[in-house]
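Reader: I am new to this structure and would be grateful for a close look at a single part of it, the contacts between charged side chains. Please set that part in its surroundings afterwards.

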Amino acid sequence: MRERLAWFFLITLTACGGKGAATPESAPAATTSPASSTPTVAGDPGTAASAATPPDGSSPPPEAIAATLPIDLGKKVPAFPRRAASPDKGAYFARGDIPVPEGLASQIDAAVPFFAWEQVMSPRVVLTFPKHVGLDLYVVLFDGEVSIKADDIAGKQKRLWRWNAARVPGLGAMIECKEPTRAIFVLVANTPGSTMGQAAAPAQKVGWTKRPAPVTSVEIDKQPDQAWGGGAYHARLGFEDGSASLGSLMASKSAAVPQNVHDHEWEVLAILSGDGTLVRTVGGKEDDVPIAAGTFASIAPGVPHAYRPAGTSPLVAVQLFLPPGPEQRFKKLASGAN
């Protein structure tokens, strides 16, 4: 792997606020020194970033930001372009060779190993996914509350609220909405090297008698904060194994990501906050992709890419790597290792 700096992109999943919602992990609040308008992190003077131009004339380092994941994004994130809204009540089903809610099937790219969309659900609605041995489902809530139910889940259900994520290997589960909810759903082809098109027509039977792996959940905001760049960058890793890794990424409004590349892994981002430009180099030419809240972005293996912030708002995103691997770079960066 030729990573020069682990690139992160934030898939914005906004916080879900329901009964019993998890309180985000406390983190030092941003403060301002009387002698400077440069943000610092309370209790950690080492994260202060100077706003003045260094004596050598180089660019100043990016400013630091607080590590706490924002819990109030839910109502602020614009609608994503791939979006499914449930009926007001009752039950409905994901259908098709790649099971998705009605209206999304035509947007699936059979040549890539994933399909991501925003799911909007009303209270007392149940969305059912049939069993599918070739697919795993990843769910991240940024607003609301749901229960994922199946007979083989311990306790019969997994409850999720804002900044909670779940992995459902092999599908075969019901998702019941407790309160008005917005979430990011990602279907992943779970055979290494396979695509959505190949998963749609597996050589073996689509269903299963035993789930390929247990249904698991994680509170992303309770995971260790991996911070680097003087507190300008933060990552929290939720899932680090399976068919995909999943976590959150944040960067201050002035924090750029230098060009990097991962040779074997896809990167998928759901942007919840921030604006700037994703610069991909394809065939020796730059391909500039605008990044803003309410957008998805992806980078294919072997494609050099970088991020240039517009300088107006911090970046907050949900990030997946298929298969896992590049996310481990965040731990090295946080420890100061090269």
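Author: In this predicted model, Lys75 is exposed, because its relative accessible area of 71% is over the 50% limit. The residue that Lys75 meets in a salt bridge is Asp143, with 2.7 Å from N to O. Lys75 belongs to the loop between strand S2 (39–41) and strand S3 (83–85), whereas Asp143 lies in strand S6, so the salt bridge ties together parts that are 68 residues apart in sequence. Asp143 has a relative accessible area of 8%, and because this is under 20%, Asp143 counts as buried. The pair therefore joins a buried acidic side chain to an exposed lysine.

This contact is one of twelve salt bridges found in a search of the whole structure. Another salt bridge is formed by Glu118 and Arg83, whose closest N and O atoms are 3.1 Å apart. Here Glu118 is in strand S5 and Arg83 in strand S3, so parts that are 35 residues apart in sequence are tied together. Arg83 has a relative accessible area of 38%; because this value falls between 20% and 50%, Arg83 is partly exposed. Glu118 is buried, and its relative accessible area is 0%.

Glu118 also meets the side chain of Arg182 in a salt bridge, at 2.6 Å from N to O. Since Arg182 lies in strand S8 and Glu118 in strand S5, this pair ties together parts that are 64 residues apart in sequence. In this pair both residues are buried. Taken together, Arg83, Glu118 and Arg182 are linked in a network of salt bridges.

The strands that carry these charged residues also contribute to a nonpolar core. Strand S5 (114–121), strand S6 (125–149) and strand S8 (164–189) each give two or more residues to the largest core, as does helix H1 (196–200). S8 supplies the largest share of this core, ten residues. The core has 34 residues, of which Trp117, Phe129, Leu137, Ile175 and Phe185 touch the most other members. Ile175 illustrates how such a residue is surrounded: beyond its neighbours within four places in sequence, its contacts include Met121, Val125, Phe129, Leu137, Ile148 and Phe185. A second, separate core holds 31 residues, among them Leu69, Ala270, Phe296 and Leu320.

Elsewhere in the chain there are two open sheets to consider. One has six strands in the order S10-S11-S12-S19-S14-S17, paired in the antiparallel sense. Strand S10 (226–228) and strand S17 (295–299) are at its edges; each has a single partner strand, so one side of each is left without a neighbour in the sheet. On average, neighbouring strands of this sheet are turned by 20° against each other, direction ignored. Within the sheet, strand S12 (residues 245–251) runs antiparallel to strand S19 (residues 315–322), and seven bridges join them. Met250, for instance, has Val316 in S19 as its bridge partner.

The other open sheet consists of four strands, ordered S13-S18-S15-S16, and its pairing is likewise antiparallel. Its edges are strand S13 (257–260) and strand S16 (285–292); because each has a single partner strand, one side of each lacks a neighbour in the sheet. From one strand to the next, the twist averages 20°. At one edge, S13 is joined to strand S18 (residues 305–309) by two bridges, and the two strands run antiparallel. Val257 has Tyr307 in S18 as its bridge partner. At the other edge, strand S15 (residues 275–282) and S16 pair over eight bridges in the antiparallel sense. In this pairing Arg280 stands opposite Asp287 in S16. S15 and S16 form a hairpin with two residues between them, and Gly283 in the turn has a positive phi of about 60°.

A word on confidence completes the picture. The protein has a mean pLDDT of 85, with 82% of its residues at 70 or more. Over residues 1–53, however, the pLDDT is below 50, although this stretch has 199 contacts in the model beyond near neighbours in sequence.

Terms used: Residues are numbered from 1 along each chain as its sequence is written. This is a predicted model: local features need pLDDT of at least 70, side-chain atom pairs count only at pLDDT 80 or more; totals for chains, interfaces and linings use all residues. Side-chain values use heavy atoms; hydrogens and water are left out. pLDDT is the predictor's confidence in each residue, from 0 to 100. Contact means heavy atoms within 4.5 Å. Two strands pair if DSSP finds at least two bridges between them. Axes are lines fitted to C-alpha atoms, for helices over the stretch in contact, and angles run from 0 to 180 degrees between N-to-C directions. A nonpolar core is a set of buried Ala, Val, Leu, Ile, Met, Phe, Trp, Tyr and Cys residues joined through side-chain atoms within 4.5 Å. Buried means under 20% relative accessible area, exposed over 50%, partly exposed in between (1.4 Å probe, protein chains only). A salt bridge is a side-chain nitrogen of Lys or Arg within 4 Å of a carboxyl oxygen of Asp or Glu.
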